[in-house]
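Notebook open, structure loaded. I'll jot down what I look up as I go.

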Amino acid sequence: MNSHISTPPVAAPGAAPSSAATGRTLNWGVVSTGRIVAKVLADLQALDDANVCAVSSRDELKARAFADEHGIARAYGSYQELLADSQVDVVYIATPHGQHFEIAMAALAAGKHVVCEKSLTINATEARTLINFAEERSLFLMEALWARFTPVFARALAIIESGELGEISWVQADLGFRAEYDPTSRLFDPNAGGGALLDLAVYPLTWAIGALGFPDSVQAVAQLNEDGVDTQTAINLGYAAGTHAQLMVTLNGAAPQQARVVGSAGWLATNAPLHNASKLFIHPASGPARVEEFAAVGENYGYEFREATRCIQQGLTQSPTMPWNDSVKTMELFDTIRESVGVRYPNDLITN
């Protein structure tokens, strides 16, 4: 069988370290000083051909403190000021989901390449509009779904493609944790695209897509809170061949956070967390079980930034590993799920 997700060069066996330069140095601007940026930034700055030269926040003092802490030259009190910086080549957007479309559109309009955290947008209409805009301007745009770019995921896909597990019939994956309710948190704020689905489901879904592709049908049930966002969603994906994927995401409690891929001749599983696993447990039906281990490089975000850098240096507008069509199809799937469970966001009223 053929893999449904293309392995990037940086995750291929024998590839050069993710930090190794693949071309001219790119100047990066970072929009947001939130928790995710603090985790991601060191991996981006570790790239030999990346220069993080600017950061923005709605609070200029916070931006300046963040810049000083991380050795960034310029700090701005708005993303508009950062986008006006002529030295910035590419923008990394790490704001809550609800702001992605507005900021990414503005960045593309300013002539900047864009790497935007998942989910790329709130809905498929926003995603299509954003992608069309990038295509018109011949600019690179990529959803920063880092789990697709890691060597452990590439290795799992190689095992599946080799036929060692036989014909894949079933995928099961879950992700969740206990999040105390806070109406101001992005996890629960409808304006931010809050809820378990948009925040977590793309990671279990990545394993289903990698093993089986996009589904032919979807069924979902969810638990909604008083704000109308999902705190827990169970998803069943159906395929014409009769195969299935069962996905669970939750903000209501700790979950195993593992993925399992089952075939006619064996199965494999990850350790936790499935989106940044360090071990694969392989159980072929006709041979001994084994464990394959993978050492992290920093926090493992460097692989997605290496791929984005490579693509921009080579004049590509999209990554073969995270193509635009996959981002649109993912948002279409999530739109279908949200429609069926009754989750609506303010952005839906604007773009649909």
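Which helix does Thr309 lie in? I looked it up: Thr309 sits in helix α9, residues 302–313. Worth noting before I go on: this is a predicted model.

**Thr309.** Next I asked whether Thr309 is buried or exposed. Its relative accessible area is 0%, and anything under 20% counts as buried, so Thr309 is buried. Then I listed its partners, skipping neighbours within four places in sequence: Thr309 is in contact with Thr22, Leu26, Trp28, Leu47 and Asp49.

**The core.** Trp28 on that list made me check the largest nonpolar core. That core has 117 residues, and Trp28, Val115, Trp207 and Leu268 touch the most other members. Helix α8, residues 202–212, gives the most to this core, with eight residues. I picked Leu268 for a closer look. Again leaving out neighbours within four places in sequence, I find Leu268 in contact with Trp207 as well as Ala156, Ile159, Ile160 and Leu165. The rest of its list is Ala259, Arg260, Val261, Leu280, Phe281 and Ile282.

**Helix α4.** How many of the ten residues of α4 are buried? I get seven for this helix, which spans residues 100–109 and is mostly covered. The buried ones are His100, Phe101, Ile103, Ala104, Met105, Ala107 and Leu108. A reminder to myself: an α-helix has 3.6 residues a turn, so residues three or four places apart point the same way. What do the buried residues of α4 pack against? I noted three strands by name, β1 (26–31), β4 (90–93) and β5 (113–117), plus helices α3 (79–83) and α5 (124–136). After α4 comes Gly111, with a positive phi near 85°.

**Whole protein.** Zooming out, I count eleven helices and 14 strands. A compact globule of 352 residues would have a radius of gyration near 20 Å, and the protein has 20 Å, so the two agree. The C-alpha atoms fill a box of roughly 60 × 50 × 40 Å along the principal axes. Buried residues make up 55% of the 352. I also checked contacts with a separation of 6 or more: residues 24 or more positions apart account for 68% of them.

**Surface and charge.** The accessible surface comes to about 13900 Å², and 51% of it belongs to carbon and sulfur atoms. I have 23 positive and 38 negative charges in the protein, and their mean positions are 2 Å apart.

Conventions. Residues are numbered from 1 along each chain as its sequence is written. This is a predicted model: local features need pLDDT of at least 70, side-chain atom pairs count only at pLDDT 80 or more; totals for chains, interfaces and linings use all residues. Side-chain values use heavy atoms; hydrogens and water are left out. Helices (H or I, at least four residues) and strands (E, at least two) are DSSP runs, numbered from the N terminus. The radius of gyration is taken over C-alpha atoms; the globule rule is 2.2 Å times the number of residues to the power 0.38. Buried means under 20% relative accessible area, exposed over 50%, partly exposed in between (1.4 Å probe, protein chains only). Contact means heavy atoms within 4.5 Å. Accessible areas come from the Shrake-Rupley method with a 1.4 Å probe; for residues, only the protein chains shown count as cover. Lys and Arg count as positive and Asp and Glu as negative; His and the chain ends are not counted. The place of a charge is taken as NZ of Lys, CZ of Arg, CG of Asp or CD of Glu. A nonpolar core is a set of buried Ala, Val, Leu, Ile, Met, Phe, Trp, Tyr and Cys residues joined through side-chain atoms within 4.5 Å.
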